[in-house]
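Biologist: I'd like to go through this model with you and ask how each label was earned. Could you set the values against the definitions for me?

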Amino acid sequence: MMNRIIYGFVFLICCFSCKHGEGKYHGVIEKINAEGENYHGTSISSEKYLDGIDMVEITEGEHTFLIPERKGQIRSYACTECHSKPLSDMHTEGVQKAHWDMKLVHANENAMNCMTCHNPNNMNELKSLTGNDIDFNKSYQLCSQCHSKQFEDWKGGAHGKRIGGWAPPRAAMTCVNCHNPHKPGFESRWPARFNTVTEEERK
């Protein structure tokens, strides 16, 4: 009886072994490693999509990739060319507001104002919640303080716009390339091509 059980057990192992029947690999990783031994990369590149865009390389955690340079795109940078005195002095001197058309629609006014992100002691830098300087080219570090889930997804490539898809070198837009930092929500709008058939079916 015991011999029958042992023979039956050996038979089952042979039948369900990964070496039996469907393939010679123990798992997906082993298959990828074995069949990828002679793979020497791809000729696909994102470089043609980067022409005319000044890029800077960043490293966040285990991810290194390119993002658009920001300071060169800010029309009145460096900010200290105008912000040469404390804000209180500029107000009392009757200096006209340079940002008169800017409205902050980002968070509750009790939770956020201009000085939440901008550094009054050094207008050429942004400011973290703990008071540390943040370079304008790395403004995503400011966003990541509150939007940590989106930041982790962005680092991995699951959130935001990839330039040239997944082709190397990896390049991605940052938060402020897609979102207005002062009013980050997207307005509701109709699709570029309105489907009248679908609209009729909904009636």
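Modeller: Sure, let's start with K149 and D153, which form a salt bridge.

Biologist: What makes K149 and D153 a salt bridge?

Modeller: The term needs a side-chain nitrogen of Lys or Arg within 4 Å of a carboxyl oxygen of Asp or Glu. For K149 and D153 the closest N and O atoms are 2.8 Å apart, so the pair fits that definition. In general, side chains of opposite charge can pair when their charged atoms come close. By the way, this is a predicted model: local features need pLDDT of at least 70, side-chain atom pairs count only at pLDDT 80 or more, and totals for chains, interfaces and linings use all residues. Residues are numbered from 1 along each chain as its sequence is written, and side-chain values use heavy atoms, with hydrogens and water left out.

Biologist: Where do K149 and D153 lie?

Modeller: Both are in helix α6, 4 residues apart, which is about one turn of the helix. Helices here are DSSP runs (H or I, at least four residues) and strands are too (E, at least two), numbered from the N terminus. An α-helix has 3.6 residues a turn, so residues three or four places apart point the same way.

Biologist: Why is K149 called exposed?

Modeller: Exposed means over 50% relative accessible area, buried means under 20%, and partly exposed is in between (1.4 Å probe, protein chains only). K149 has 54%, so the label is exposed. D153 has 25%, so the label is partly exposed.

Biologist: Which residue forms a salt bridge with K155?

Modeller: That's E152, with the closest N and O atoms 3.3 Å apart. K155 and E152 are 3 residues apart in α6, about one helical turn.

Biologist: Are K155 and E152 buried or exposed?

Modeller: K155, at 10% relative accessible area, is buried. E152 comes out at 45%, so partly exposed is the right name.

Biologist: How many salt bridges are there in the whole structure?

Modeller: A search finds 4. One of them joins E187 and K183, whose side chains meet at 3.2 Å, N to O. E187 counts as exposed at 56% relative accessibility, while K183 counts as partly exposed at 38%.

Biologist: Back to α6: which of its residues are buried?

Modeller: F151, W154 and K155 are buried in this helix, which spans residues 148–156. Seen down the axis of α6, the buried residues fall within an arc of 100 degrees, so they line one face of the helix. That arc is taken from the directions from the helix axis to the C-beta atoms.

Biologist: What covers the buried residues of α6?

Modeller: The cover includes β1 (55–60), β2 (63–68) and α5 (140–143). Contact, in this model, means heavy atoms within 4.5 Å.

Biologist: How do you know that β1 and β2 pair?

Modeller: Two strands pair if DSSP finds at least two bridges between them. β1 and β2 have 6 bridges, in the antiparallel sense, so they pass that test. I58 stands opposite F65 in β2. The two strands form a hairpin with 2 residues between them, and G61 in the turn has a positive phi of about 65 degrees.

Biologist: What makes G61 exposed?

Modeller: Its relative accessible area is 64%, so G61 lands on the exposed side of the cut-off. G61 and E152 are 91 residues apart in sequence and 9.9 Å apart in space, C-alpha to C-alpha.

Biologist: Which residue just after α6 takes a positive phi?

Modeller: G157, at about 95 degrees. Most residues other than glycine have a negative phi, and most peptide bonds are trans.

Biologist: Where are the cis peptide bonds?

Modeller: One runs from Y77 to A78, with omega near 10 degrees. Another joins P168 and P169, with omega about -5 degrees. A78 lies in the loop between β2 and α3 (87–92), and P169 is in the loop between α6 and α7 (175–178).

Biologist: Last one: why is S128 called buried?

Modeller: Its relative accessibility is 6%, so S128 counts as buried. Leaving aside neighbours within four places in sequence, S128 is in contact with I134, L142 and Q145.
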